[in-house]
Amino acid sequence: MVQAEINKNEWTQVIEPTEGIFNFNLRELWRYRDLILLFVRRDFISVYKQTILGPLWHFLQPLFATAVYTIFISIVKVPTDEIPRILFILTGVVLWNYFSSCLTKTSNTFIGNAHIFGKVYFPRLVIPISVIVSNLMSFFIQCLLLIPFLIYYHNNIHPTIYLLAIPFVILLLAMMGLGLGILVSSLTIKYRDLSYLIAFGVQLMMYATPVIYPLSLIPARFKSIAMLNPLSPVVEMFRYALLGRGTFSLEAILYSSTFAIVLLVIGILMFRRVENSFMDTI
Amino acid sequence: MSTVIKVENVSKVYQLGKVGTGTLASDIQRTFARITGKEDPLLRVNESYDEKAIHVALRDVSFEVKQGEVLGVIGKNGAGKSTLLKILSRVTAPSTGSVKMKGRIASLLEVGTGFHPELSGRENIFLNGAILGMSRDEVRRKFDEIVDFSGVAKFIDTPVKRYSSGMYVRLAFAVAAHLEPEILIVDEVLAVGDSDFQKKCMGKMQDVSDKDGRTILFVSHNMAALSSLCHRAILLVNGNLDAQGPIGEMVKKYVHVNADNVLYREIEPEKTQDPQRARLTKAWIESTDIEDKIITINNSFEVKFEAECFEDDLPLNFSMTVRSVLGQAIFNSTSDLYVAKKGKFSGSCKIPENLLNYGKFTINILLAKDKSTPLHLVREVLTFEIQDVRENETWFGDTSHQLIKPKLAWDISA
C-alpha cells in the first residue's frame with residue numbers, strides 16, 4: 001500500500017477524462033508567464049504591421065468615436081454634469097473600449113485559436129489572459145489622449161482622491177470582461193450563435209451603461225434598474241475620480257465587485273470544464 | 001530503468017454527426033427531459049445513442065514506455081495513432097482510462113505551431129519556443145544553436161511570411177528540435193524539408209535518444225525510419241492495441257495485417273470481352289525463403305500465374321510490367337513463346353533478390369498472341385511490398401526515392 005502511494009506520487013502528470021472542476025491550477029499558469037508576455041507582444045506588434053499610421057490607430061479609433069458621440073449628444077443636448085462634452089465622452093469611450101475589446105477578443109478564444117490548441121498543450125487560459133494584458137497596454141496608450149484635454153479643460157474639472165482607486169476600476173472591468181468573455185467562448189463551442197450575438201450585444205451593453213450619458217440623467221424611478229448594471233458604478237466612479245462628477249455609492253461598487261468575482265469564477269469553471277475536450281467538438 | 005509513461009485502459013469515443021442539437025433551446029429541452037427522467041423529445045424512434053452514432057477511435061489501450069526508450073507507433077491511417085498522440089500531448093482528453101507521465105512532454109504534431117507571419121524569425125523563435133513550453137531564458141541560451149541548425153541566419157530579422165516554405169519549416173523544426181523535454185512525441189514531421197535537412201533531423205533525434213536518454217514516441221508510415229530509430233513498437237489496428245514488442249517483429253506484423261497487399265488473386269472472367277481465346281485465371285506471389293509473407297530486398301520471389309486457353313495450338317506470350325505503387329513503370333519482362341493446348345496451364349516469373357528497392361509495387365500481366373495481339377490484360381493484378389534491410393550502412397543513405405537497388409560489383413584499387 002505504502003509502496004503504491006509512493007509510486008503514485010512520482011507521476012508529474014496524470015491525464016484523466018475530467019479533471020476536478022475546482023482545479024484552477026494557477027501554478028501551471030504561472031509557469032507559462034513567459035508565454036503570456038510573448039502573446040501580448042505578438043498581439044501588440046502584429047496588429048499594426050504594414051499599416052501606414054501604425055500605432056497611431058490606438059488614438060484614431062477613440063478620437064473618431066468621441067467626435068461622433070460628442071456631435072450626437074451636442075445635438076440632442078444631453079447634459080453632462082457640467083463636464084465639457086468632449087472630455088466626458090472621451091473618458092467614457094476609452095474606458096468602454098477596454099471592457100468591450102476584452103470581452104469580444106476573449107470570447108473568441110477557442111474558435112480563434114483552434115489551430116494552435118489542436119497541436120500543442122499549454123494552459124488555455126494563457127490566451128485570454130494575454131488578451132486582457134495587451135488590451136491594458138492599449139488602454140494606457142489611449143489614456144495618454146486624455147492628458148491634453150485634461151490640461152485644456154483644467155478649470156472645469158476637479159480630480160478627487162478616488163484617482164488612487166483607478167487601478168481598482170480597471171481591475172473590475174478586466175475581471176468582468178475576462179469572466180464574461182471566457183464564459184461566452186466556452187459556450188460558443190457548442191452554440192456558435194453566441195459569437196454573432198456578442199458583436200451587437202456589446203453595442204447594446206454600451207447604451208445600457210452610462211458611457212455617452214451620465215447616470216444622473218436617468219429618472220429616479222428607473223435608477224434602481226440602471227444600477228443593476230454592474231458596469232454603471234464602475235464607469236461613474238472612473239469619471240468621478242478623474243473629473244469630479246459621477247454618481248456612485250460604496251454599495252454599488254461592492255455590488256460590482258461581487259458581480260465581477262462571481263462572473264470570473266463561473267467563467268473560469270466553465271472554461272476549465274470544456275478546455276480538455278473542446279477539440280472534439282469544435 | 002523506470003517507466004515514464006503509463007497508459008492505462010485509454011479509450012476515446014467520438015460522437016458522430018451533429019454535436020448537440022446546435023440550438024440552446026432544444027438542448028435545454030433535452031437536458032430538462034433527462035433530469036425529469038422522460039424520454040428525450042428530440043430523439044426519433046429509431047434513433048438512439050447506439051454504436052452507430054459513435055466512433056471508437058481507441059479501445060482500452062494500455063502500454064508502458066521506459067525511460068530512454070524510442071517507441072514506434074505503427075498502424076494504418078485511421079488506426080488511432082493520431083488520437084493516441086493527441087491524448088498524450090494533452091490536446092484532447094481520453095474518454096476513459098488514464099495516462100501517467102513523468103517529466104515534461106512536448107509534441108511535434110506539427111512544427112511551426114503558432115508562428116506568426118508578421119513577426120520576424122527571431123521573434124517567432126521565442127514565441128514558438130514558449131508555446132512549446134520553453135522558458136525565455138532557455139530559448140535565449142539556445143538561440144544561436146537554433147539559428148545555426150535552421151540555416152536561416154541571414155533572414156533572422158525578416159518577417160517569416162517572406163520565407164520560402166522550406167526555410168519556414170526548417171526554422172520551425174529547429175525550435176522544436178531544441179526543446180529539451182523528457183518525453184518527445186514525433187509525428188511524421190520527417191516528411192518535410194529536403195533530404196539533407198531530413199538527415200539532420202534524424203541525426204538530432206538519434207542524438208536526443210542516445211546521448212540524453214530521452215524518451216521518444218515516434219509515429220511514421222516509413223518502416224525504414226521506424227526500424228532504424230525505434231527499439232520497440234506498439235501496433236494499433238482499428239483502435240485496438242494489437243501487439244507490442246521489438247520493432248522488427250512489429251514491422252513484420254504490420255506488413256502482415258496490412259490488407260492492401262494483394263499477394264493472391266483469382267481473376268474473374270470479363271463479360272464484355274469477345275469470345276475469349278485465352279485468359280488469365282489466377283496470379284499469386286510465392287517464395288520459398290520468405291517467412292510471414294515478408295519480402296525483403298534480399299529475397300527473390302516468384303510471380304506465379306494460371307491461365308486458360310480455349311483453342312488448341314495458340315501461340316502465347318506473357319508480359320509482366322512492374323510498377324511502383326505510384327504508377328511509374330520500372331521494367332517489363334516478356335516470356336518466350338508458348339504454344340498452348342486447350343485447357344489450363346500455369347507459369348511463373350522469378351524476380352531476383354537485390355533488384356527492387358523497398359517500397360510498394362504493383363504488377364500488370366498481359367497475355368498476348370504472337371507477341372503482338374493483346375488477349376487479356378489484367379492491371380494491378382498483384383500488389384506487394386518489399387521491406388528494407390540495412391546491412392552495415394547508415395540507414396538514411398540516399399535510398400528514399402529510388403525504385404531499384406541492384407548489387408553492383410565495385411572494384412577499387414590503388
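Q: How many helices and strands are there in chain B?
A: Chain B of this predicted model has eight helices and 19 strands.

Q: And what does chain A have?
A: Chain A has 14 helices and one strand.

Q: What share of the residues in chain B is buried?
A: Buried residues are 49% of the 414 in chain B. For chain A, 51% of its 282 residues count as buried.

Q: What part of the contacts in each chain comes from residues 24 or more positions apart?
A: Taking contacts with a separation of 6 or more, residues 24 or more positions apart make up 71% in chain B. In chain A the corresponding share is 81%.

Q: On to the cores. Which residues touch the most other members in the largest nonpolar core?
A: Those are A:F122, B:I74, B:I125 and B:F218, in a core of 128 residues.

Q: Which element gives the largest share of this core?
A: Helix α5 of chain A, residues 85–106, supplies twelve residues, the largest share.

Q: What other core lies apart from it?
A: Another core, of 32 residues, lies apart from that one. Among its members are B:A283, B:I285, B:I365 and B:I386.

Q: Back to α5(A). At what angle does it pack with α12(A)?
A: The angle between α5(A) and α12(A), residues 231–243 of chain A, is about 135°, and their axes are 10 Å apart. An angle of that value makes α5(A) oblique to α12(A).

Q: Left-handed or right-handed crossing?
A: α5(A) passes α12(A) in a right-handed crossing.

Q: Which residues meet there?
A: From α5(A) they are A:L87, A:F88, A:T91, A:G92, A:L95, A:W96 and A:F99. The α12(A) side has A:L231, A:V234, A:V235, A:F238, A:R239, A:L242 and A:L243. By class, the contact of α5(A) with α12(A) holds eleven nonpolar residues, two polar and one charged.

Q: What about α9(A) and α10(A), how do they pack?
A: Helix α9 (residues 166–188) and helix α10 (residues 193–208), both of chain A, pack at about 155° with axes 10 Å apart.

Q: Why are they called roughly antiparallel?
A: Angles over 145 degrees count as roughly antiparallel, and α9(A) and α10(A) are therefore described that way. α9(A) passes α10(A) in a right-handed crossing.

Q: Which residues make the contact?
A: A:L180, A:V184, A:L187 and A:T188 do so from α9(A), with A:L194, A:S195, A:I198 and A:M205 from α10(A). The residues of the contact of α9(A) with α10(A) are six nonpolar and two polar, with no charged ones.

Q: Now between the chains. At what angle does α3(A) pack with α3(B)?
A: Helix α3 of chain A, residues 33–47, and helix α3 of chain B, residues 121–131, pack at about 140° with their axes 9 Å apart. α3(A) and α3(B) are therefore oblique to each other. α3(A) passes α3(B) in a left-handed crossing.

Q: Which residues meet across that pair?
A: On the α3(A) side, A:L35, A:L38, A:F39, A:R41, A:R42 and A:I45. They meet B:E123, B:F126, B:L127, B:A130 and B:I131 in α3(B). The contact of α3(A) with α3(B) has eight nonpolar residues, three charged and no polar.

Q: Take A:L38 from that list. Buried or exposed?
A: A:L38 counts as buried because its relative accessibility is 7%, under the 20% cut-off.

Q: What is A:L38 in contact with, leaving aside its neighbours within four places in sequence?
A: A:L38 is in contact with B:F126, B:L127 and B:A130.

Q: How many residues apart in sequence are A:L38 and A:S130?
A: They are 92 residues apart in sequence, with 8.4 Å between their C-alpha atoms.

Q: Different topic, backbone. What is the phi of B:N9?
A: B:N9 has a positive phi of about 50°, although it is not a glycine. B:N9 is in strand β1 of chain B, residues 3–15, and at 44% relative accessibility B:N9 counts as partly exposed.

Q: And the phi of B:R90?
A: B:R90 also has a positive phi, about 65°, and is not a glycine. B:R90 is placed in the loop between α2 (81–88) and β4 (96–101) of chain B.

Q: Where does B:R90 fall, buried or exposed?
A: B:R90 is buried, with a relative accessible area of 16%.

Conventions: Residues are numbered from 1 along each chain as its sequence is written. Chains are lettered from A and ligands numbered from 1 in the order in which they are written. This is a predicted model: local features need pLDDT of at least 70, side-chain atom pairs count only at pLDDT 80 or more; totals for chains, interfaces and linings use all residues. Side-chain values use heavy atoms; hydrogens and water are left out. Axes are lines fitted to C-alpha atoms, for helices over the stretch in contact, and angles run from 0 to 180 degrees between N-to-C directions. Helices (H or I, at least four residues) and strands (E, at least two) are DSSP runs, numbered from the N terminus. Angles under 35 degrees count as roughly parallel, over 145 as roughly antiparallel, 65 to 115 as roughly perpendicular and the rest as oblique. A crossing is left-handed if the near helix is turned anticlockwise from the far one by less than a right angle, and right-handed if clockwise. Contact means heavy atoms within 4.5 Å. Ala, Val, Leu, Ile, Met, Phe, Trp, Tyr, Cys and Pro count as nonpolar, Asp, Glu, Lys and Arg as charged, and the others, Gly among them, as polar. A nonpolar core is a set of buried Ala, Val, Leu, Ile, Met, Phe, Trp, Tyr and Cys residues joined through side-chain atoms within 4.5 Å. Buried means under 20% relative accessible area, exposed over 50%, partly exposed in between (1.4 Å probe, protein chains only).
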